[in-house]
Amino acid sequence: MADSRRPAATWSLAALTALAPVSWGTTYAVTTEFLPPGRPLFTALARALPAGLLLLAMARVLPKGAWWWKAAVLGALNFGAFFPLLFLSAYRLPGGMAAVVGSVGPLFVVGLSAPLLGQRPTGRALLTGIVAAFGVSLVVLRAAGALDGVGVAAALASTASMSTGTVLAKRWGRPAGVGPLALTGWQLTAGGLLIAPLALLAEGPPPALDARALGGYAYLALANTALAYWLWFRGIGRLSATRVTFLGPLSPLTAAVVGWAALGQVLTPVQLAGMALAFGATVAGQLGSGRVDAGAAPPSPRRTRQVRLAGPVREACVRQE
């Protein structure tokens, strides 16, 4: 690809990757309007395991060697731990506090990128992350009483889990000849298998489902999880981890827009200002050299020491494991 086309290619890839958090922003509306109440672990299981098995059937590739444990670790971080902790925080925290805590994910990724990717954080990246979190807080926070300590801890743990999974996915890359479809399927299946016993022990057998609930679970498993996370991990493979994670604030922004358009919720001027701040920070997080990583697999050992500047932080080549 010619150098003059790289910025356009990067923005196109970022736009496709952004469809993932936009899809996740519809989760709350679908859950409250279509699904049976009080079954967060079953919902997490219904999102992860069917989507993972579907992608495995489509890719027809299983892990080999070290990728058995790597896929298990990534599946645990991105799904097996993230989904239950996310639902626990949402049930115990008032208003959009869980979304506010989740919006600091870019700051987690910036901090983790230094030891794991060799990317030095900059003041610009930190400032952009703070502005994004502040903008999201203006959108989703409501007046509320004392915060629940368990809920706050669960929200922080879920954000840390997903952020660590994002950075490790960038560090490990993908094995040669394996595409993002198979890698996503490995993680979703591993995460779903971890959630299954928790859901059975905590919530008992699956609930009775009507056609409306079946449609809601089908949407969550197919569009909201299988397709969305394929786009997400595809983006991680070709963009810097920091760039990808700065797309995360689009999720609570989408939730606010869906609540206004479909659920009759009112957006105040303060919320609109917060949306403008968070969206501006999301765009700022994509500014950089415009480079797109070529190829699905990590670079060869002879090129593992190459470093290029990309946006707010350095983008180091992923080491071959």
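Colleague: Jumping straight in: is the crossing of helix 8 and helix 14 left-handed or right-handed?

Modeller: Helix 8 and helix 14 make a left-handed crossing. Left-handed means the near helix is turned anticlockwise from the far one by less than a right angle, and right-handed means clockwise. Helices (H or I, at least four residues) and strands (E, at least two) are DSSP runs, numbered from the N terminus.

Colleague: And what should I know about the model and the numbering?

Modeller: This is a predicted model, where local features need pLDDT of at least 70 and side-chain atom pairs count only at pLDDT 80 or more, while totals for chains, interfaces and linings use all residues. Residues are numbered from 1 along each chain as its sequence is written, and side-chain values use heavy atoms, with hydrogens and water left out.

Colleague: OK, back to that pair. At what angle do the axes of helix 8 and helix 14 cross?

Modeller: Roughly 155°, with the axes of helix 8 (residues 123–140) and helix 14 (residues 269–284) coming within 7 Å. Axes here are lines fitted to C-alpha atoms, for helices over the stretch in contact, with angles from 0 to 180 degrees between N-to-C directions. The two helices are therefore roughly antiparallel; under 35 degrees counts as roughly parallel, over 145 as roughly antiparallel, 65 to 115 as roughly perpendicular and the rest as oblique.

Colleague: Which residues of helix 8 and helix 14 meet?

Modeller: Among them are Thr128, Val131 and Gly135 in helix 8, and Gly274, Met275 and Ala278 in helix 14. Contact means heavy atoms within 4.5 Å.

Colleague: Zooming out, how many helices and strands does the protein chain have?

Modeller: 14 helices and two strands. The chain has 321 residues, and 49% of them count as buried. Buried is under 20% relative accessible area, exposed is over 50%, and partly exposed is in between (1.4 Å probe, protein chains only). Of the contacts with a separation of 6 or more, 87% are between residues 24 or more positions apart.

Colleague: How many salt bridges does the count come to?

Modeller: The count comes to one salt bridge, taken as a side-chain nitrogen of Lys or Arg within 4 Å of a carboxyl oxygen of Asp or Glu. Arginine 39 pairs with glutamate 203, and their closest N and O atoms are 3.3 Å apart. The partners are 164 residues apart, with arginine 39 in the loop between helix 2 (27–34) and helix 3 (40–59), and glutamate 203 in helix 10 (residues 180–203).

Colleague: Are arginine 39 and glutamate 203 buried or exposed?

Modeller: Arginine 39 and glutamate 203 are both buried.

Colleague: How does helix 10 cross helix 4?

Modeller: At roughly 65°, and the axes of helix 4 (residues 67–80) and helix 10 come within 7 Å. That makes helix 4 roughly perpendicular to helix 10. This crossing is right-handed.

Colleague: New topic, helix 9. What is its reach?

Modeller: Helix 9 (residues 149–172) has 24 residues and reaches 34 Å from first C-alpha to last, close to the expected 34 Å. The expected span is 1.5 Å times one less than the number of residues. Glycine 173, with a positive phi near 65°, follows helix 9.

Colleague: What does threonine 166 in helix 9 touch?

Modeller: Threonine 166 is in contact with Asn78, Trp232, Ile236 and Ala241, leaving aside neighbours within four places in sequence. Threonine 166 counts as buried because its relative accessible area is 2%. Serine 161, also part of helix 9, touches Ala76, Leu77, Ala81 and Phe82, not counting residues up to four places away in sequence.

Colleague: And how do helix 9 and helix 11 cross?

Modeller: Their axes come within 8 Å and cross at roughly 55°, helix 11 being residues 211–238. The two are therefore oblique to each other, and the crossing is right-handed. Threonine 166 is one of the helix 9 residues in that contact, and Trp232 is one of those from helix 11.

Colleague: Last one: what is the phi of arginine 60?

Modeller: Positive, about 55°, although arginine 60 is not a glycine. Most residues other than glycine have a negative phi. Arginine 60 is in the loop between helix 3 and helix 4, and counts as exposed because its relative accessibility is 76%.
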